[in-house]
Amino acid sequence: MTYAETVQYLFHSAPVFEHVGASAYKEGLSNTLALDSHFGHPHQAFKTIHIAGTNGKGSCSHTIAAILQAAGYKVGLYTSPHLVDFRERIRVNGQPISEQRVVDFVAKERSFFEPLHPSFFELTTALAFLYFKEQHVDVAVVEVGLGGRLDCTNIISPELSIITNISFDHTQFLGNTLAKIAGEKAGIIKPQTPVVIGEDVPETRPVFEAKARECQAPIIFAQDHPEVISSSPCPTTGGRDFTTTDYGQVHGELGGDYQVKNMNTVLTALNILRTKFNLSSQPITEGLTHVTELTGLRGRWEQLRTQPTVICDTGHNVGGWQYLAPQIAAQPCRHRRIVFGMVDDKDIDTVMHLLPRDAVYYWVQPTSKRAFPADKVTEEAERAGLKGRNCGSVANGYRQALADATPDDFIFVGGSSYVVADLLALNDF
């Protein structure tokens with residue numbers, strides 16, 4: 001098979017949560033353990049850092065990977081979902097796994113794994129760990145796929161566990177209260193292994209404390225002794241400038257308002273990692289200022305063009321939009337134009353009521369089977385009192401917004417990772 005055929009095989013032969021939702025979710029680690037045994041427990045060949053959370057785990061994972069790379073380590077990075085190319089999920093020092101390695105993996109191993117009927121994520125995780133071993137990485141930053149306790153990444157024994165925050169998402173799998181969701185995420189806490197909690201609330205803190213006591217794991221709540229004292233957008237280079245407790249003045253390349261919380265989590269984690277990995281101030285500074293160049297991260301308040309300004313962001317749930325909506329509303333511009341779509345396991349009603357009232361909207365449907373139809377999004381918007389038009393596809397919505405815009409306008413594209421994926425696939429900026 002070619003690479004394209006191999007990826008299609010993976011998408012169609014193994015259930016993919018991003019495409020079909022609940023039917024792709026496999027509870028339990030039996031397949032993961034079988035795959036891990038078959039490949040000789042590759043995750044034991046390198047150090048790991050494990051990152052869970054409802055929002056922010058992608059930004060934190062890429063930022064920590066960038067800092068470790070800047071310090072000279074060979075770094076594996078495993079994240080999901082991908083935006084344009086499957087290979088984005090598995091990187092070493094920012095470079096995606098090769099097409100040929102993906103082809104060879106399926107060709108050689110399908111006779112073993114097909115009888116297991118693994119999920120797409122189970123297969124991808126096995127490939128990632130095997131590839132990191134083959135590449136002799138020093139350390140891998142591993143992002144949890146969904147939850148934590150039963151996630152197939154949870155076979156690792158990390159140097160540090162990080163849980164960024166807890167909000168309502170994937171409640172059909174993780175529970176319908178913050179405490180229940182926290183219980184699933186807390187499943188990545190390991191015996192005698194430090195854990196950093198980025199954000200906590202009264203419902204979640206006791207859950208994390210209890211699990212940490214059970215595991216005799218040192219627990220650090222980033223909100224108790226904040227590293228970030230203040231921050232502001234940087235008008236010259238984008239990103240944000242931070243005044244911090246232990247790191248002085250630092251610049252972060254990532255510019256979303258929500259990156260303030262992420263930066264506090266990352267810097268708190270660095271208080272542990274800098275001793276484990278002998279990190280000086282130079283790689284920390286370099287990593288923070290060159291995250292996208294070092295790791296390939298995309299879609300986090302990413303500016304794609306000027307005149308008009310076009311920004312995309314993968315924020316896709318209520319927790320994300322609590323930060324995105326005010327930041328969009330604060331942009332200086334003549335008109336705000338928002339190209340918006342969502343997928344069907346998100347709280348579209350609550351998000352609609354967070355969106356700026358004074359924007360012109362272009363309602364779209366990303367190319368995912370889980371996407372809300374553009375007609376449904378349009379109906380929800382009308383009920384919420386938002387004005388816009390049904391544009392069908394993301395491409396049509398974006399091009400219509402661009403055609404309507406003046407050079408002084410601001411265009412935002414988002415609502416789902418899959419909206420951003422469709423936009424980036426156009427590659428005409």
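Student: In this predicted model, which helix holds both Lys376 and Glu380?
Tutor: The two residues sit four places apart, about one turn of the helix. Their side chains form a salt bridge, with the closest N and O atoms 3.0 Å apart. The helix that holds Lys376 and Glu380 is helix 15.

Student: Which other residue meets Glu380 in a salt bridge at 3.1 Å?
Tutor: Look in helix 15, three residues from Glu380, about one turn of the helix. The N to O distance is 3.1 Å. The partner is Arg383.

Student: Is Glu380 buried or exposed?
Tutor: The cut-off for buried is under 20% relative accessible area. Lys376, at 30%, counts as partly exposed, and Arg383, at 59%, counts as exposed. Glu380 has 10% relative accessibility, so the residue counts as buried.

Student: At what angle does helix 15 run to strand 15?
Tutor: Helix 15 covers residues 374–383 and lies across strand 14, strand 15 and strand 16. Strand 15 spans 360–364. The angle between helix 15 and strand 15 is about 145 degrees.

Student: Which strands stand at the edges of the six-strand sheet?
Tutor: The sheet is open, its pairing is mixed, and the order is 12-13-17-14-15-16. Each edge strand has a single partner strand, so one side of each is left without a neighbour in the sheet. The twist averages 20 degrees from one strand to the next. The edge strands are strand 12 (302–305) and strand 16 (388–392).

Student: What is the bridge partner of Phe340 in strand 17?
Tutor: Strand 14 covers residues 336–340, and strand 17 covers residues 410–414. The two strands pair in the parallel sense over five bridges. The partner of Phe340 is Gly414.

Student: Which side chains of strand 10 point to the buried face?
Tutor: In a regular strand the side chains alternate between the two faces of the sheet. Strand 10, residues 240–244, shows this alternation. Asp241 and Thr243 point to one face and are not buried. Those on the other face, which are buried, are Arg240, Phe242 and Thr244.

Student: Which residue in the turn between strand 9 and strand 10 has a positive phi?
Tutor: Strand 9 (residues 228–233) and strand 10 pair in the antiparallel sense over five bridges. Val228 has Thr244 as its bridge partner. The hairpin has six residues between the strands, and a phi of about 80 degrees in the turn belongs to Gly238.

Student: What phi does Gly248 have in the turn between strand 10 and strand 11?
Tutor: Strand 11 (residues 249–252) pairs with strand 10 in the antiparallel sense over four bridges. Thr243 is bridged to Gln249. Four residues lie between the two strands of this hairpin. The phi of Gly248 is positive, about 65 degrees.

Student: How far from buried Asp151 is the nearest side chain of opposite charge?
Tutor: Asp151 lies in the loop between strand 5 (139–143) and strand 6 (160–163). A salt bridge needs the nitrogen and oxygen within 4 Å, and Asp151 has none. The nearest side chain of opposite charge is Lys57, at 8.6 Å.

Student: Which residue has its backbone nitrogen 2.9 Å from a polar atom of the Asp151 side chain?
Tutor: Asp151 touches several residues beyond four places away in sequence, among them Leu29, Phe121 and Val144. The 2.9 Å separation involves another residue that Asp151 touches. That residue is Leu146.

Note on methods:
Residues numbered from 1 in each chain as written. Predicted model: local features only at pLDDT ≥ 70, side-chain atom pairs only at ≥ 80, totals over all residues. Heavy atoms only, no water. Buried < 20%, exposed > 50% of the residue type's maximum accessible area, 1.4 Å probe, protein only. Lys, Arg positive; Asp, Glu negative; His and termini not counted. Polar contact = N/O pair within 3.5 Å; in protein donor to acceptor, adjacent residues only side chain to side chain. Contact = heavy atoms within 4.5 Å. Pairing = 2+ DSSP bridges. Axes fitted to C-alpha atoms, helices over the stretch in contact; angles between N-to-C directions.
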